[in-house]
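Work through the exercises below with the sequence and the structure at hand. Each task is followed by a solution in steps.

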Amino acid sequence: MEWTDTGIVLNLGTFREADIWLKVLFKEHGVQTVFAFGGQRSRRRFVGCLDRVNEIECLVKTSRNGLYLELCETVLVSGPGPLRSQRSRLGLCMNCLKLVECASVTQESSCDSYMLVRELIRVLGQDAGSTMVLGLLFRLRFVALQGYSPVVDMCTGCGAERHNDAFFSVEDGGVLCPSCLQQRGRVQGVSLSGPSLNILSMALRTFPAAWTQFSFSPKEQRNVAFCVDGMLRYHAGLTWDRGRFCRI
């Protein structure tokens with residue numbers, strides 16, 4: 001079976017003398033591992049395409065035994081451009097790609113995940129916005145697209161509307177009103193200010209181009225990071241360890 005799709009290269013490596021494996025986030029097929037046989041030597045089928053962060057149009061076919069996917073041909077759609085010369089922003093981009101690579105991006109969420117990653121690359125290349133805030137909100141938006149969207153506008157216990165500051169419970173995946181927090185007792189989480197929760201609410205409905213205007217105080221940024229990374233760990237089973245995301 002053959003299919004054509006556009007993808008973003010998350011990671012790649014070599015095996016044998018001339019072959020390359022790639023992890024690609026496809027717009028319609030999610031994250032897939034594909035094999036470019038002869039990829040290190042071919043000057044026709046893959047020229048200028050097989051590199052991290054590249055957006056490529058791919059012709060893929062299933063192997064005869066159905067055990068793997070073979071990358072037959074590629075066309076370069078776009079590269080990271082100026083992002084390659086901006087070390088700190090490229091580093092953030094690579095960390096975000098590591099998260100996507102580690103997660104199980106299904107076909108149901110692949111299109112939105114693809115659009116999220118593509119716009120993040122574009123915004124980072126424009127040298128716009130705080131890298132810390134962009135990375136934090138990317139993790140938030142990405143985990144939401146995988147089905148673990150935090151509830152920040154109402155109490156996860158009783159459904160009461162949130163009006164200002166609130167306690168964010170990692171276990172409950174959202175905010176708790178004072179009454180529900182008292183009933184729950186001791187839970188893992190932290191209090192977040194109303195403005196910070198408003199930023200999270202807007203980030204959950206938008207893409208990176210809209211995030212460049214957002215900022216947190218240093219304390220609030222630490223608290224928000226605690227909640228977002230807690231959601232990744234507790235609900236999605238993903239954590240950052242020794243320079244990479246891994247499953248727990």
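The model is predicted.

**Exercise 1. Helix H6**

Task: List the buried residues of H6, and compare the reach of the helix with its expected span.

Solution. Step 1: a residue is buried when its relative accessible area is under 20%. In H6 that group consists of Glu-220, Gln-221, Asn-223, Val-224, Ala-225, Cys-227, Val-228, Gly-230, Met-231 and Leu-232.
Step 2: H6 is 17 residues long, and 24 Å separates its first C-alpha from its last. At 1.5 Å a residue, 24 Å is expected, and the helix is close to that.

**Exercise 2. The largest pocket**

Task: State how much space lies in the largest pocket, and work out which residues and elements line it.

Solution. Step 1: the largest pocket holds about 220 Å³ of space. Its lining comprises 13 residues, and those closest to the centre are Asn-95, Arg-139, Asp-229, Trp-240 and Phe-245.
Step 2: two or more lining residues come from each of helix H1 (87–102), helix H3 (131–145), helix H6 (218–234) and strand S9 (238–241). H1 contributes the most, four residues.
Step 3: sorted by type, the lining has seven nonpolar residues, three polar and three charged.

**Exercise 3. Strand pairing around S5**

Task: Determine how S5 pairs with S3 and with S4, and name a residue pair for each.

Solution. Step 1: S3 and S5 (residues 69–78) run parallel and are joined by two bridges. Here Phe-35 is opposite Glu-70 of S5.
Step 2: between S4 and S5 there are eight bridges, in the antiparallel sense. Ile-56 has Leu-76 of S5 as its bridge partner.
Step 3: a hairpin is formed by S4 and S5, with six residues between the strands. Gly-66, in the turn, has a positive phi of about 75 degrees.

**Exercise 4. Positive phi outside glycine**

Task: Locate Arg-16 and Val-53, give the phi of each, and decide whether each is buried or exposed.

Solution. Step 1: most residues other than glycine have a negative phi.
Step 2: Arg-16 is not a glycine, yet its phi is positive, about 55 degrees. Arg-16 sits in the loop between strand S1 (2–15) and strand S2 (19–26). Its relative accessible area is 64%, so Arg-16 is exposed.
Step 3: Val-53 also has a positive phi, near 80 degrees. This residue lies in the loop between S3 and S4. With a relative accessible area of 3%, Val-53 is buried.
Step 4: Val-47 is found in the loop between strand S3 (30–36) and strand S4 (55–62). At 54% relative accessibility, Val-47 counts as exposed, whereas Val-53 is buried.

**Exercise 5. Cysteines**

Task: Count the disulfides, and explain why Cys-246 is not bonded to Cys-102.

Solution. Step 1: a disulfide is a covalent bond between the sulfur atoms of two cysteines. The cut-off applied is a sulfur pair within 2.5 Å.
Step 2: the structure holds zero disulfides. For Cys-96, the nearest cysteine sulfur belongs to Cys-93 and is 6.7 Å away.
Step 3: the closest cysteine sulfur to that of Cys-246 is in Cys-102, at 6.5 Å, so the two are too far apart for a bond.
Step 4: Cys-96 is buried at 4% relative accessibility, and Cys-246 is buried at 13%.

Note on methods:
Residues numbered from 1 in each chain as written. Predicted model: local features only at pLDDT ≥ 70, side-chain atom pairs only at ≥ 80, totals over all residues. Heavy atoms only, no water. 1 Å grid on protein atoms, 1.4 Å probe; cavity = no way out; pocket = protein on both sides within 12 Å on 5 of 7 lines; lining within 4 Å. Points joined across faces, edges and corners; volume = space filled by probe spheres on them. Nonpolar A, V, L, I, M, F, W, Y, C, P; charged D, E, K, R; others polar. Buried < 20%, exposed > 50% of the residue type's maximum accessible area, 1.4 Å probe, protein only. Expected span 1.5 Å × (residues − 1). Pairing = 2+ DSSP bridges.
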